[in-house]
Amino acid sequence: MFTRRQFVAGTVLTQAAALLGHKPAFASTAAFDRPLPIPPLLDARDNGNKIKLVAAKGQHAFVAGKETATAGYSGQVLGPAIRVRSGDEIDVTVENKLDRSTTVHWHGLLIPGESDGGTHNHFAPGQSWQTKLKINQPEATGWFHPHPHGETGRQVYSGLAGLLLIDDGGSERLGLPRNYGVDDIPIILQDRQLSANGSLQYAGGSFNVMLGARGDTVIANGIWAPVARVPANLVRLRLLNGSNARNFNLAFSDRRVFHVIASDGGYLPAPVAMSRLIISPGERFEILVDFSSTRPVILETGADAFVPMMGMMDDDVSGAAQIMKFEADATKQSSAKLLPRELAVAPRTKDSAGLRRRRFLLNDHMMGMGRMQFRNGGMAINGRPFDPERIDLTVPLGASEIWEIESQMMAHPFHIHGVHFTILSLDGRVPAAHLRGLKDTVLIRRSAQILVQFTQPATQQHPFMYHCHILEHEDAGMMGQYITT
Ligand code: C2O
Ligand code: CU
Ligand code: CU
């Protein structure tokens, strides 16, 4: 087996240098002059709760003037923000105009396995997939993205991802900003590797598997260094980390305090004041930011501190970056001026004694190195790489369980389909206040104990997955599947 030091010094380093050792022509001097694109709002109710998406190839300039081949849902890149109302049933049709088979997973929706597109429910180019989404859960921000086993990383990287706005009237009740695109602004954060002419690079190979696909260009809603003109007041940002692998460590350039109001599954009990927020792939946080001081401010990220052997990569890959600029515009109105004191009832975490416990060890590349398993990099859970034919677990429908998950070497964002969970402990400690709400994804540096509630049916034909949301880890086998009985 390789030690960390041998690993750094060995083959991988050479590969890293070859893959990532160049700087793009447009690096470092951001003008912040392209307006932040706002994904079109697709309100299901305005469409009689029947919506259609087309997954197709596109052309898009992540950096101004530098077009590249991409893919998107009903657009050149990314997709619409689909607003769904809790209590409604939505008919969805997705047409596949890609040249590969795909699936669509509704990340964060509490729906039965058969309505979802995990690694099952494939549909081929030229075909359509129809599904029903029966929405019954608290207000939250979710998202949708492809999930075909072995190709999720590549398809998401090409641009396929969109937002789900689950609405139960909570924003109105709580007096939160709710004017989409004006004071309620979705921000999909991603990183991409672009060549000097702007073309999108998805590196294959073992290095990509080990650290996940990363890049030197941070984009927000699909473009590099945009500017958002916002009301000079309280504004809500719905943040999604849609990157394949990188964690963002967010802060504003003036280190202002903002309030986290929601995590993956909905509102926190009360707003949490923070000035720095780590968001891992798959996670969502909603924050309220006061823009009443008229000076422009930059949203920045620190380097991804969760990558082992950071030093082996080009400084710009997963390094610190300026993401986007905010400018207050006094002519714009915000629909909310006050920060609510309370938001939601705290999820129950007591009474977990006597619950069934299961243990999961997330095996990452380091252990596999000894056997030189470069292809899947040794990615597995409890020693078993993903097998679509194998059901790993059966959970009684309606049960609550405690899952104890351990990361072997690297930090992994662990995600479970079809559930909400609460974090009981993270690295042996009580989680920070903003991590105490309903979650479906958690970044695990060492270990976590989570209390999971299984409310959705999943059968042998349509199982749910649990996996690392570093998409290359997932594709390489750090994934399992469960059914309910
Ligand atoms: Cu967002 Cu199984 O994934
Ligand atoms: Cu998911
Ligand atoms: Cu991982």
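What follows is a tour of selections to make in the viewer, with a note on what each one shows.

This is a predicted model, in which local features need pLDDT of at least 70, side-chain atom pairs count only at pLDDT 80 or more, and totals for chains, interfaces and linings use all residues. Residues are numbered from 1 along each chain as its sequence is written, chains are lettered from A and ligands numbered from 1 in the order in which they are written, and side-chain values use heavy atoms, with hydrogens and water left out.

**Copper ion, ligand 2**

Select ligand 2, a copper ion, whose protein donors are His105 (NE2) and His415 (NE2) at 1.8 to 1.9 Å. Donors are N, O and S atoms within 2.8 Å of the metal (3.2 Å for Na, K and Ca); water is not among the atoms, so sites may look incomplete. His105 is in strand β7 (residues 105-107) and His415 in strand β27 (residues 412-416), so that this pair links distant parts of the chain, 310 residues apart. Strands (E, at least two residues) and helices (H or I, at least four) are DSSP runs, numbered from the N terminus. His105 is buried at a relative accessible area of 1%, and His415 is likewise buried at 1%. Buried means under 20% relative accessible area, exposed over 50%, and partly exposed in between (1.4 Å probe, protein chains only).

**Strand β7 and its sheet**

Stay on β7 and pick His107, which is also in this strand. His107 is buried, with a relative accessible area of 0%. Its side chain makes a polar contact of 3.1 Å with that of Arg284. A polar contact is a pair of N or O atoms within 3.5 Å; within protein, one must be able to donate a hydrogen and the other to accept it, and residues adjacent in sequence count only if both atoms are side-chain atoms.

Now show the open sheet of five strands, in the order β2-β5-β10-β9-β7 with mixed pairing. Its edge strands are β2 (41-43) and β7, each pairing on one side only. Two strands pair if DSSP finds at least two bridges between them. Within the sheet, β5 (residues 81-85) and β10 (residues 162-167) are parallel over five bridges, and Val84 has Ile166 in β10 as its bridge partner.

**Hairpin β3-β4**

Select β3 (residues 50-63) and β4 (residues 66-73), antiparallel strands joined by eight bridges. Gly58 has Thr70 in β4 as its bridge partner. The two strands form a hairpin with two residues between them, and Gly65 in the turn has a positive phi of about 80 degrees.

**Copper ion, ligand 3**

Move to ligand 3, a copper ion with protein donors His412 (ND1), Cys468 (SG) and His473 (ND1) at 2.0 to 2.1 Å. The sequence spacing of these donor residues is H-x55-C-x4-H. Cys468 is buried at 0% relative accessibility, and His473 is buried at 0%.

**Aromatic residues**

The whole structure has 18 aromatic pairs. Rings of Phe, Tyr and Trp (its six-membered ring) pair if their centres lie within 6.5 Å; planes under 30 degrees apart count as stacked, over 60 as edge-to-face and the rest as tilted. Select Phe252 and Phe291, an edge-to-face pair with ring centres 6.3 Å apart and planes at 85 degrees. Phe252 is buried at 0% relative accessibility, and Phe291 is buried at 2%.

Add Arg256, which lies over the face of Phe252 at 5.8 Å from the ring centre. A charge sits over a ring if NZ of Lys or CZ of Arg is within 6 Å of the ring centre and within 35 degrees of the ring normal.

Finish with one aromatic cluster, formed by Phe360, Trp403, Phe414, Phe454, Phe464, Tyr466 and Tyr482.
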